[in-house]
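Work through the exercises below with the model open beside you. Try each task before reading its solution.

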Amino acid sequence: MASVNQIRSLINSAIGSKLGNYNLPDGSTSPALWVRGQQQVPKDWTVTGIECVIDEVPEMVNKPTLSQQVVLDVRWPIYLTSYDTAQTLAEVRELLFQWFPDIQDPVHVPQTDISFETLKVFIPDYSIQPERG
Amino acid sequence: MAQPKKLDTTALDRAIAAATQQLVNRLSAEYTSEISSDKWKWNDGSLRDIVDTGRLRASQTVRQAGQNRYQFSWPVEYATQVHEGTKLKGGGEWPARPWTRTALENVDPKKYFETILRRELNG
């Protein structure tokens, strides 16, 4: 199973150039790519452009097999939000699908009068646990 | 040479249709129950149901999409945003409240269907 840092690095390679920035209170900026877990995006940061958030811990479902092996279906949830109402997520979506052809369960929600455009996808990360005991 | 016999699947077809219908009824009740349940964490940490005006819950629709195929939908304009969560243009966000997923976890449709099917077939 990959680490969240490996996933972050892959995502950065795939769509990093399309992402926007976090604007920090001291005037500096940081790429809008966040690993959400112990730390949320600080409330006094603002976002411009497209933000990508990865959950620190992936979803996991175990599938028993006829042997004592267990197949773990691990998948990483990736959340994209376009805070720029003139910039859609279509191009980023295409890039993600090219990089990760086995992406699962995409949910692409257009912007409305009250909410920003969002896209949620899951990147699978298969893992087989050998027999124990 | 023996004449081929056509398998009579009438009883099986009837049992599948009955089990499917009962599963649809069970899921329908569970979806409504999940929307009405005050189990969903809101931004302030409190637990709430997903009922504000009641439009979302009342919009629940099930239609037959084929033989033994049914489709549930919630045709209000904000249903996906409530289900998946969203960032609001005015600031703040709605947390994801995936009532369909939790309902499916609660019911375990495969097991439920198998139980009903077995009962229908055994009479």
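Two strands pair if DSSP finds at least two bridges between them. Keep in mind that this is a predicted model.

**Exercise 1. Establish how strand 1 and strand 4 of chain A pair, and place them in their sheet.**

Solution. Start with the bridges. Strand 1 (residues 21-23) of chain A and strand 4 of chain A share three bridges, in the antiparallel sense. The cut-off is at least two bridges, so the strands count as paired. Next, fix the register: A:Asn23 lies opposite A:Thr46 of strand 4 of chain A. Now widen the view. The sheet is open, has three strands and runs in the order 2-1-4 (chain A), with antiparallel pairing. Its edges are strand 2 (29-31) and strand 4 (46-48) of chain A, each pairing on one side only. Last, the twist: neighbouring strands are turned by 30 degrees against each other on average, direction ignored.

**Exercise 2. Describe the hairpin of strand 3 and strand 4 in chain B, and how well strand 4 is covered.**

Solution. Strand 3 (residues 61-66) of chain B runs antiparallel to strand 4 of chain B, and five bridges join them. B:Gly66 faces B:Arg69 of strand 4 of chain B. Two residues separate the strands in the hairpin. In the turn, B:Asn68 has a positive phi of about 60 degrees. Then check burial. Strand 4 (residues 69-73) of chain B is hardly covered: of its five residues, the count of buried ones is zero.

**Exercise 3. Find the most connected members of the largest nonpolar core, and trace the contacts of A:Leu80.**

Solution. The largest nonpolar core holds 19 residues. A:Ile50, A:Cys52, A:Ile78, A:Leu80, A:Val92 and A:Val121 touch the most other members. Which elements of chain A give two or more residues to this core? They are helix 1 (4-15), strand 5 (50-55), strand 7 (70-82), helix 2 (90-99) and strand 9 (117-129). Now take A:Leu80. Set aside its neighbours within four places in sequence; its contacts are then A:Ile50, A:Cys52, A:Leu89, A:Val92, A:Thr118 and A:Leu119. A second, separate core has seven residues, including B:Ala19, B:Leu27, B:Ile35 and B:Trp99.

**Exercise 4. Classify the packing of helix 1 against helix 5 in chain B.**

Solution. Helix 1 (residues 10-36) and helix 5 (residues 109-122) of chain B have axes that come within 9 Å and cross at roughly 140 degrees. That angle makes helix 1 of chain B oblique to helix 5 of chain B. The crossing of the two helices is right-handed. Among the contributors from helix 1 of chain B are B:Ala15, B:Ala19, B:Leu23 and B:Leu27. Helix 5 of chain B supplies residues including B:Tyr112, B:Phe113, B:Ile116 and B:Leu117.

**Exercise 5. Locate A:Asp105 and B:Asp108, and decide whether each is buried or exposed.**

Solution. A:Asp105 belongs to strand 8 (residues 104-109) of chain A. Its phi is positive, near 45 degrees. A:Asp105 has 9 other C-beta atoms within 10 Å, so it is exposed. B:Asp108 sits in the loop between helix 4 (99-107) and helix 5 of chain B. Its phi is positive too, about 55 degrees. B:Asp108 has 11 C-beta neighbours inside 10 Å and therefore counts as exposed.

**Exercise 6. Describe the side of chain B that touches chain A.**

Solution. Nine residues of chain B are in contact with nine residues of chain A. On the chain B side, helix 3 (79-84) and strand 5 (86-87) each supply at least two residues. Helix 3 of chain B gives the most, with three residues.

Conventions
Residues numbered from 1 in each chain as written. Chains lettered and ligands numbered in written order. Predicted model: local features only at pLDDT ≥ 70, side-chain atom pairs only at ≥ 80, totals over all residues. Core = buried A, V, L, I, M, F, W, Y, C linked by C-beta atoms within 7 Å. Buried ≥ 20, exposed ≤ 12 C-beta atoms within 10 Å, placed from the backbone. Helix = DSSP H or I, 4+ residues; strand = E, 2+ residues; numbered from the N terminus. Contact = placed C-beta atoms within 7 Å. Axes fitted to C-alpha atoms, helices over the stretch in contact; angles between N-to-C directions. Parallel < 35°, antiparallel > 145°, perpendicular 65-115°, else oblique. Left-handed = near helix turned anticlockwise from the far one by under 90°.
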